[in-house]
Amino acid sequence: MAEHILLTGGAGYIGSHTYVALIEAGYEVTILDNFQNANRSVVERLEALTGKPVNVAEADVRDATTLGGLFSEHQFDAVVHFAALKAVSESVDRPLDYFDVNISGLINLLRVMDAAGCRKIVFSSSATVYGVPDETPTPETAEFRAMNPYGQTKISGEQILGQLAAADDRWNIGILRYFNPAGAHSSHMIGEDPRDIPNNLMPYIAKVAAGELDELQVFGDDYDTPDGTGVRDYIHVEDLARGHVLSLAALLGDSKNHLVNLGTGIGNSVMEVVAAYKRASNRDIPSRIVERRAGDVPIYVAKADKAEEVLGFRTEKSLDEMCASSWAWIVGPHSQEEPEQ
Ligand SMILES: NC(=O)c1ccc[n+]([C@@H]2O[C@H](COP(=O)([O-])OP(=O)(O)OC[C@H]3O[C@@H](n4cnc5c(N)ncnc54)[C@H](O)[C@@H]3O)[C@@H](O)[C@H]2O)c1
């Protein structure tokens, strides 16, 4: 029988792509999501894409009763935990909400899993745990530096999981530190669907290319980088989804805990991404250089070889493919559907 995976936050951007990858890999999957940052129509699109009904539990990861009920109804073999709040600037304004969902939500989930005897979890962490790193490309051994409450929640999540694994070796834990996820599914049926003004560069550029936003503000062109603009390690969301399948397979196999960066190891500047998106969309993307933004890091690039050694993971898709798939999603029929509440 197929192993059964619970995907918290599975209706979101990375979760929905991972859902498809897990179904393709032969797993049975149940999504738990409260749809606070996802459109309910994603469920129908996932059904169309996979040709199978989607099991969805609409619930909050902080709701122990509902979560407990779900674990008594199903025998889950592992959990992939995406459900979290993720906007850095919002976390500065509303830190308690971030601590509540991202930290209390995680503890609640772990307690329910422990009681049910399900002790394998893949955790969504982020390169943000490195703050301003001393070393680029940044290895997993770089120290934690919280720059904002969101980053703090990812550090705390990793520490809670690390101490849990140390206390009880029945736990198998995979911690994946994503760099900058970008792009959309090759079917163009799912993609990044930000509710408000996008926080991340590529969806912002996409809206400028589509004429929904007037211009891109580039925060600083005087960093110590080749063209002076910030450099990031963009990873195609389908590569990222495959990384989760590999992490899960390792936990369900004989591998114990692992902690890896998921990135390409290649950095691209803001202006390089703008140029790539212009090529993909054949649209003008007006941009204007403005002051540096407080707290921005000049360069974030993963040291990517540990994921290859531990999981056999290597990225396959280029920046041009990220831009082309993002644009196909943006101009397709699904990206502009009204969010439901
Ligand atoms: N996108 C990025 O740039 C990025 C980078 C590094 C790490 N991450 C992490 O990856 C994970 C997924 O990110 P994403 O980009 O897919 O975000 P997303 O907002 O698209 O997905 C998160 C999902 O979780 C759901 N959710 C939020 N709070 C919930 C709650 N209390 N109970 C149940 N469901 C809840 C949302 O409705 C959404 O569907 C997050 O943990 C995020 O912190 C994202």
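Colleague: Which residue in S13 does Val-218 stand opposite?

Modeller: In this predicted model, residues are numbered from 1 along each chain as its sequence is written, and local features need pLDDT of at least 70, side-chain atom pairs pLDDT 80 or more, while totals for chains, interfaces and linings use all residues. Side-chain values use heavy atoms, leaving out hydrogens and water. Strands here are DSSP runs of E with at least two residues, and helices are runs of H or I with at least four, numbered from the N terminus. Strand S8 (residues 216-219) holds Val-218, and its partner in S13 is Ile-289.

Colleague: In what sense do S8 and S13 pair?

Modeller: Two strands pair if DSSP finds at least two bridges between them. S8 and S13 (residues 287-290) have four bridges, and their sense is parallel.

Colleague: Which side chains of S8 are buried?

Modeller: In a regular strand the side chains alternate between the two faces of the sheet. Buried means under 20% relative accessible area (1.4 Å probe, protein chains only), exposed over 50%, and partly exposed in between. Gln-217 and Phe-219 point to one face and are not buried; pointing to the other, and buried, are Leu-216 and Val-218.

Colleague: Now the ligand: which residue has a polar backbone atom 2.9 Å from a nitrogen atom of the ligand?

Modeller: A backbone N or O atom of Gly-12 lies 3.2 Å from a ligand oxygen atom. In Asn-200, a side-chain N or O atom is 3.4 Å from an oxygen atom of the ligand. The 2.9 Å distance to a ligand nitrogen atom belongs to Val-61.

Definitions and conventions. A polar contact is a pair of N or O atoms within 3.5 Å; within protein, one must be able to donate a hydrogen and the other to accept it, and residues adjacent in sequence count only if both atoms are side-chain atoms.
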